[in-house]
Amino acid sequence: MSAETLDQIVSLSKRRGFLFPGSEIYNGFANSYTYGPYGSELKKNVKDLWWKTFVQKRPDIVGIDGDIILHPKTWEASGHIGGFNDQMVDCKTCRARLRADHLVEDALKIDCEGLPDAEVTKLIQDNQIKCPKCGNKDLTEVRKFNLMFQTQMAKTGEDSIAYLRPETAQAIFLEFKNIIDTCRVKIPFGVAQIGKAFRNEITPGNFIFRRLEFEQMEIEYFIREEMWEELFDTWMTEMDVWCTSIGLNPEKCHHLEHEKEKLSHYSKRTVDIEYDFPFGRKELYGLAYRTNFDLSQHQQFSGKDLGYRDPQTNEKFIPHVLEPTFGLDRSILAILCEAYTEEKLEDGSSRIVMKFKPQIAPVKVAIFPLMKKEGMPEKAKEIFSSLSDIWTVDYDESGSIGKRYRRQDEIGTPFCITVDHESLKDDTVTIRNRDTMEQERIAISAVGQYLQKQLNS
Ligand code: GAP
């Protein structure tokens, strides 16, 4: 049985150290979370796999690591200062701040994306939509709320206001000239980046699904205009393959074509990949054709030449761009939901097991001495030392073997090794498989090779 509610995921995440509520000793803070020991390993593995897939293994993509605080003009040029808004209303009674479009969508099942503020206000008032927090109907008129977090620089004056980036993409556009001047890239080519983005979401929620601070893994893939349709399809396939590679069931992943009238200001075509989360089908990733909007805007606002000269034809033009964007926190949430499995066992008991793909599992193998005596811990620690050179390994000597197995099942560890009496006599150990729960006895000298084969299969 897979996870039916988000609460099951939240509770396991806290219990096993995947995700803790942030600032918990101060009673928590605005939808903040800390990736705990196993969550941070899982996140690191997903980032590494993404970088390997899209940068390391591709001759046509290079990576960068840009700043979070960019020149404020960036956001004027990109359109974020003028247009990166949500529609908001306040409840005059309980002072709750609410997303107007979400209120209308929930109450009337109408998608009001793109409707003017006045029309959304009218819908709320005519239909007497109530505040979901206190039930009162006394709501303010709808107004725009810019989602960018502002920060004040130490220097004074008008230009002392800066913004925390709301998407990683812009740092890539700002470095376009440096990349073509320093790297031997030829169109089509991509620039990738992983990093934090910040959005002052009016209603964050659903655990790590909608956060104020989150990570994105983005690629800007620079192309000739005439290539866009063909390469859009290619990227859609690449993204579907990625979803499978992190263990998501293709039947739970769906494409959603954005209607032309509702596209972002920079996009000519956008398709979201949605995932069936326990709280409904929601956006996981997106693929957008951003035309040459961003480079043209930055060329205009900076006064710098951002043209690309084709080495063969000598023709100069501003490249168009396809943007596959992958939310890292949403990837982690989808992976946790997908991996979560409750199983009834033959003896009538049950277990929760996180069936992560071995490549992204936070811990690859756990080592247990059967008892804390007779030299078993020493032998187990020797195995720990040799394996931890290659993989993330847990060492656990507390409690019964059964309890240790259950703990590792909930962490999603593919293999557990037990050092017992026989190990001391003949240098063999048992290896237990997380999914089948079957155990094999093998020589300690063969453990490394065994794991190498199993973890890569
Ligand atoms: N550069 C394009 C861009 O930022 P987006 O659809 O606004 O497009 C890209 O965001 C991805 O970032 C989303 O598909 C989602 O995975 C993730 N994302 C967006 N807002 C988020 C939030 N508040 N919390 C967590 N992830 C978010």
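**Exercise 1. Find the residues around the ligand in this predicted model, and say which of them come nearest.**

Start with the shell itself: 19 residues sit around the ligand. The nearest of these are Glu167, Arg211, Glu218, Glu283 and Leu284.

Next, sort the shell by residue type. You should get ten charged residues, six nonpolar ones and three polar ones.

Then look at the strands. Strand S10 (213-223), strand S13 (280-289) and strand S16 (320-327) each give at least two residues to the shell.

**Exercise 2. Work out which atoms pair up with oxygen atoms of the ligand in the cases of Glu283, Leu284 and Arg199.**

Take Glu283 to begin with: one of its polar side-chain atoms is 2.6 Å from a ligand oxygen. For Leu284, look at the backbone instead, where a polar atom lies 2.7 Å from an oxygen of the ligand. Arg199 uses its side chain, with a polar atom 2.8 Å from a ligand oxygen.

Now for the cover. On its own the ligand exposes 560 Å², and the protein buries 91% of that.

**Exercise 3. How many disulfides does the structure hold?**

The count is zero. Let's check two cysteines to see how that plays out.

Cys134 has Cys91 as its nearest cysteine neighbour by sulfur, at 3.6 Å. A disulfide needs the two sulfur atoms within 2.5 Å, so Cys134 is in no disulfide. As for cover, Cys134 has a relative accessible area of 37%, so it's partly exposed.

With Cys337, the closest cysteine sulfur belongs to Cys253 and is 12 Å away, which is too far for a bond. Is Cys337 buried or exposed? Its relative accessibility is 4%, so Cys337 counts as buried.

**Exercise 4. Place Ser13 in the fold, and say how far it is from Gly39 in space.**

First, find the element: Ser13 belongs to helix H1, which covers residues 6-16. Second, check the cover: Ser13 has 0% relative accessibility, so it counts as buried. Third, compare sequence with space. Ser13 and Gly39 are 26 residues apart along the chain, while their C-alpha atoms are 8.0 Å apart.

**Exercise 5. Split the chain into its assigned domains, and give the distance between the centres of domain 2 and domain 3.**

According to the domain assignment, domain 1 comes in two pieces, 6-71 and 152-337. Domain 2 runs over 85-146, and domain 3 over 363-455. Taking the centres over C-alpha atoms, domain 2 and domain 3 are 56 Å apart.

Terms used:
Residues are numbered from 1 along each chain as its sequence is written. This is a predicted model: local features need pLDDT of at least 70, side-chain atom pairs count only at pLDDT 80 or more; totals for chains, interfaces and linings use all residues. Side-chain values use heavy atoms; hydrogens and water are left out. Buried means under 20% relative accessible area, exposed over 50%, partly exposed in between (1.4 Å probe, protein chains only). A residue is near a molecule or strand if one of its heavy atoms lies within 4 Å of it. A polar contact is a pair of N or O atoms within 3.5 Å; within protein, one must be able to donate a hydrogen and the other to accept it, and residues adjacent in sequence count only if both atoms are side-chain atoms. Accessible areas come from the Shrake-Rupley method with a 1.4 Å probe; for residues, only the protein chains shown count as cover. Helices (H or I, at least four residues) and strands (E, at least two) are DSSP runs, numbered from the N terminus. Ala, Val, Leu, Ile, Met, Phe, Trp, Tyr, Cys and Pro count as nonpolar, Asp, Glu, Lys and Arg as charged, and the others, Gly among them, as polar. Domain bounds come from an automatic or database domain assignment.
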